[in-house]
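Reader: I'd like a close look at one part of this model, the place where neighbouring helices pack against each other. Could you walk me through the geometry and the residues involved?

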Amino acid sequence: ARITELLLRANGHRRGDEHAKALICYQELVDMDSGNADFRFLLGKTLLALGQRDEAAQAFLRAKELGHDGADKELSDLKRAGHRPRATLGFLKFWK
């Protein structure tokens, strides 16, 4: 019940362009269930909306590892837009 309530609140904030509030909720959801690909993906979308592209790329990469179908497209879009991550070893293999 707590997860559902938090997810509904996060989605409402994101739809209302209240991305900073949504970020807090999505981060809490990831903390509650770190293996949930959807939570990681939504965290990435919110980080991207806030202009935090490196952090968004990390969230999308983890969502992809967890099997999220949309994460690969987001990573490709970031790459195509010329985004290069600042540097974490996990990204280096993706951006080769």
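Author: Let's start with a cut-off: an angle over 145 degrees between two helix axes counts as roughly antiparallel. Keep in mind that this is a predicted model.

Now take helix α2 (residues 19-32) and helix α3: their axes cross at roughly 155° and come within 9 Å. That angle is past the cut-off, so α2 and α3 are roughly antiparallel to each other. As for handedness, α2 and α3 cross in a left-handed way. On the α2 side, the contact is made by H19, A22, L23, Y26, Q27, L29 and V30, and α3 answers with F39, R40, L42, L43, T46, L47 and A49. Sorted by class, that contact of α2 with α3 holds 10 nonpolar, three polar and one charged residues.

Next, the other partner of α3. Helix α3 (residues 37-49) packs with helix α4 (residues 53-65) at an angle of about 160°, and their axes are 8 Å apart. That makes this pair, α3 and α4, roughly antiparallel too. The crossing of α3 and α4 is left-handed. From α3, the contact draws on A37, R40, F41, L43, G44, K45, L47 and L48, while α4 brings in R53, E55, A56, A59, F60, R62 and A63. By class, the contact of α3 with α4 splits into nine nonpolar, one polar and five charged residues.

If you compare the two lists for α3, R40, L43 and L47 turn up in the contact with α2 and again in the contact with α4.

There's also a ring pair to look at here. In general, a pair of aromatic rings is described by the distance of the centres and the angle of the planes. Searching the whole structure turns up one aromatic pair. The rings are those of F41 and F60, 5.6 Å centre to centre with 50° between the planes, which puts the pair in the tilted class. F41 sits in helix α3 and F60 in helix α4, 19 residues apart, so the pair links distant parts of the chain. Both rings have low accessibility values: F41 counts as buried because its relative accessibility is 13%, and F60 counts as buried at 0%.

Zooming out, the protein has six helices and zero strands, giving the pattern α-α-α-α-α-α along the sequence. Buried residues account for 39% of the 96 residues.

Conventions. Residues numbered from 1 in each chain as written. Predicted model: local features only at pLDDT ≥ 70, side-chain atom pairs only at ≥ 80, totals over all residues. Heavy atoms only, no water. Axes fitted to C-alpha atoms, helices over the stretch in contact; angles between N-to-C directions. Helix = DSSP H or I, 4+ residues; strand = E, 2+ residues; numbered from the N terminus. Parallel < 35°, antiparallel > 145°, perpendicular 65-115°, else oblique. Left-handed = near helix turned anticlockwise from the far one by under 90°. Contact = heavy atoms within 4.5 Å. Nonpolar A, V, L, I, M, F, W, Y, C, P; charged D, E, K, R; others polar. Phe/Tyr/Trp six-rings, centres within 6.5 Å; stacked < 30°, edge-to-face > 60°. Buried < 20%, exposed > 50% of the residue type's maximum accessible area, 1.4 Å probe, protein only.
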